[in-house]
Number of protein chains: 2
Amino acid sequence: MPYNAISDIGEFGLIDRLAKLVEPTLAGTPALVKGIGDDCAVYRMSETSLQVATTDLLAEQVHFDLLFSPLRLLGGKCISVNVSDICAMNALPSYALISLAVPDSFTIEMVEELYTGMSQAASEYGLAIAGGDTSLSRSGLVVTVSMTGETSDDRISMRSGAQPGDLICVTGTLGAAAAGLKVLIREKHIMLDHLSGNEPYSMNIMANLEEYRDAIGHQLLPVARLDIIKFFLEKNIVPGAMIDISDGISSDLRHICNSSGTGAIIHESRIPINSQARDIADELQEDVITWALGGGEDYELLFTLPPEFACAIEERKDISVIGEITEKETGILLTDIYGMTINLSDLAGYDHFRR
Amino acid sequence: MPYNAISDIGEFGLIDRLAKLVEPTLAGTPALVKGIGDDCAVYRMSETSLQVATTDLLAEQVHFDLLFSPLRLLGGKCISVNVSDICAMNALPSYALISLAVPDSFTIEMVEELYTGMSQAASEYGLAIAGGDTSLSRSGLVVTVSMTGETSDDRISMRSGAQPGDLICVTGTLGAAAAGLKVLIREKHIMLDHLSGNEPYSMNIMANLEEYRDAIGHQLLPVARLDIIKFFLEKNIVPGAMIDISDGISSDLRHICNSSGTGAIIHESRIPINSQARDIADELQEDVITWALGGGEDYELLFTLPPEFACAIEERKDISVIGEITEKETGILLTDIYGMTINLSDLAGYDHFRR
């Protein structure tokens, strides 16, 4: 029996293989409209109404570091990342289930802090925390949230709905979450260096993090763009295709194009870069556009819009049109600020299993 | 700020406190019929149909030991324990989402083995695996399954539905899962002793596990009693209250009585002990009734039945009537084979957080 490393095929290669294994289970459930391959699974509840469902697992030392992630914010983030997947289907969140694996070292109050953050975020998004499972972990903290939402046949947006000629739009600004993480990791290493050298360490020698507040906030407690979904509902806008930006727009745009059988062209000059991310990139001498394209966790929405809706979004200053869907043969392209064209198919997004 | 150990209040004490924290989130979701406090959350899909939803997290070294849990069986078990929760609501399973945190040391083929077990079990239960999340773990394997099912207002069984005079019934036999675990742990220690002493270890010096096959099977791959739910549907039987036996009948009967505001009396002589579990208990000089009362993981169903349904279950040899629901004031009692009465409120079930 051959044994192959997951890193050879990466997260998405693995998902493709697992999707094939579960295909036989889909036959017995005709109400399932869409299985693996979008931000959410889609399940028919009635003649017109659809349930969408998603799950996200956050593991200590992989998705978060308790050295710089306050538990209350972490709780909120666990809810936000799932609400973001629900939003990506143009749906409103209904209820969530929470599974916790809690290390032995955790106190009651620490679990309550985490749950308080989840509860506050859930109230803000208007969804119920309906149940869960709490057990011991022999290693780090693991939080799994699963969440359902509701939409309808005439409102749902899947990754596969893009058409040549659609505008490519992105909400908010990009790069802040990656920038915030860079600052937090830098500060962590300064602290650990002091401690390992037995040097005194106190708040006084920490950088003033106030100037990085926006970026750090985006990293520690991203906000899902439910406001955009409510705006779409109010204005009767239905995006062609939609995805939330969890792995960087390069990778997430590729998902849309591959599912829709299209190409795309986007323009670097139109990508809305977060201004604090730009400052941090300058300070650290890194490339902010790389964070926007290939960094993760911005949890903004990337969507395509049939041209007839173009006027309807004009009033929103927090929606940027960054390009256009093209025929498949064109490929997935970026024109940079010097007018050069780069093939985005070659740029990798964030992948847990790649080295 | 006081810091209190979770072990002071245990798993159920912690759940009570977390349930209070999420209560404010329930207000915004009128379709949620039941939140924390039963085997599943209950969500209204239409005027008569209800969705039930559950989640279970299984963590390495807490819920399973990869030294003696083949990955394919483990996959099946992760599905079974969730289907068992769906069954406990008198519902049929619809779809599942799978979250995996996979250690770096895992190969593609190992993840596929796990998924093959999940896919096979899902097909047997007639449910779809509709999506999931796969990411890296810096420590052990963690598998979280969330699952939905469907039932209706006139068929749902909650923990709170028991009435004085109801028969108390249990499906199948008890104690096998606990007995199987004892054998597996014994064999593991024999192997580790040999290996740590640099002594040769081979299949030849292992006990012949064939004679423990039934018990080991119950431990490694329990089967959820979906057959019973289908039997109830066919015969139009609706249990008063129902729960799946994951922590031992002592603890699970207490959940029913506390939710229903009743007492109960059960009779030791009527508890259906698994015969192989009895043999293993004799061999290990342990008390098999303790395993049935306080051991976990049998995943049989414990339910109460209004007396008018008594005839309808007579044909089923795999349903045992073990006692009767009483008024709350009576307490929760067990009469042992010598006619002595024991208060079951004093017997603890399995609790991850108690020491």
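This is a short tour of a predicted model with chains A and B, one selection at a time.

**Before you start**

Colour chain A by confidence, if your viewer allows. Its average pLDDT is 91, and 95% of its residues score at least 70. For the complex, the predictor gives an ipTM of 0.90 and a pTM of 0.92.

**Stop 1: where the chains meet**

Show both chains and select the residues where they touch. Here 71 residues of chain B are in contact with 70 residues of chain A. On the chain B side, the elements that give two or more residues are helix 1 (10–26), strand 2 (41–44), strand 3 (49–59), strand 4 (92–103), helix 3 (108–125), strand 5 (128–137) and strand 6 (142–152). Now colour that side by residue class: you should find 38 nonpolar, 26 polar and 7 charged residues.

**Stop 2: the two domains of chain A**

Hide chain B for a moment. Give one colour to residues 6–152 of chain A, which make up domain 1, and another to 159–181 + 214–346, which make up domain 2. The centres of these two domains of chain A, taken over C-alpha atoms, are 23 Å apart. Their contact takes 16 residues from domain 1 and 17 residues from domain 2. Which element gives the most to the domain 1 side? Select residues 71–87 of chain A: this is helix 2, and it gives 9 residues. By class, the domain 1 side of chain A that touches domain 2 has 7 nonpolar, 5 polar and 4 charged residues.

**Stop 3: a strand with two partners**

Stay in chain A and select strand 9, residues 262–267. Add strand 11 (residues 319–327), which pairs with strand 9 of chain A in the antiparallel sense over 5 bridges. Then add strand 12 (residues 332–335), whose pairing with strand 9 of chain A is parallel and has 4 bridges. Click on A:Ile266 to see both pairings: its bridge partner in strand 11 is A:Gly323, and its bridge partner in strand 12 is A:Leu334.

**Stop 4: an exposed loop residue**

Next, find A:Gln285, in the loop between helix 8 (275–284) and helix 9 (288–294) of chain A. The phi of A:Gln285 is positive, about 55°, although this residue is not a glycine. Is A:Gln285 buried or exposed? It counts as exposed, because it has 6 C-beta neighbours inside 10 Å.

**Stop 5: a buried loop residue**

Bring chain B back and go to B:Asn90, in the loop between helix 2 (71–87) and strand 4 of chain B. B:Asn90 also has a positive phi, near 60°, and is a residue other than glycine. With 25 other C-beta atoms within 10 Å, B:Asn90 is buried.

**Stop 6: helix 4 of chain B and its cover**

Select residues 176–196 of chain B. This is helix 4, with 21 residues, and it reaches 30 Å from its first C-alpha to its last, close to the 30 Å expected at 1.5 Å a residue. Among its buried residues are B:Ala176, B:Gly180, B:Lys182 and B:Leu184. What covers the buried residues of helix 4 includes helix 5 (213–220), helix 8 (275–284) and helix 9 (288–294) of chain B. After helix 4 of chain B comes B:Asn198, whose phi is positive, near 55°.

From that cover, pick out B:Leu220, which lies in helix 5 of chain B. B:Leu220 counts as buried because it has 20 C-beta neighbours inside 10 Å. Leaving aside neighbours within four places in sequence, B:Leu220 is in contact with B:Ser69, B:Leu73 and B:Lys77.

**Stop 7: strand 12 of chain B**

Finish with residues 332–335 of chain B and turn on the side chains. In a regular strand the side chains alternate between the two faces of the sheet. Here B:Ile332 and B:Leu334 point to one face and are buried, while B:Leu333 and B:Thr335 point to the other and are not.

Now add the partners. Strand 9 (residues 262–267) of chain B runs parallel to strand 12 of chain B, joined by 4 bridges, and B:Ala264 has B:Ile332 as its bridge partner. Strand 13 (residues 341–343) of chain B pairs with strand 12 of chain B in the antiparallel sense over 3 bridges, with B:Leu334 opposite B:Ile342. Strands 12 and 13 of chain B form a hairpin with 5 residues between them; in the turn, B:Gly339 has a positive phi of about 85°.

Technical notes. Residues numbered from 1 in each chain as written. Chains lettered and ligands numbered in written order. Predicted model: local features only at pLDDT ≥ 70, side-chain atom pairs only at ≥ 80, totals over all residues. Pairing = 2+ DSSP bridges. Contact = placed C-beta atoms within 7 Å. Nonpolar A, V, L, I, M, F, W, Y, C, P; charged D, E, K, R; others polar. Expected span 1.5 Å × (residues − 1). Buried ≥ 20, exposed ≤ 12 C-beta atoms within 10 Å, placed from the backbone. Domains from an automatic or database assignment. pLDDT = per-residue confidence, 0-100.
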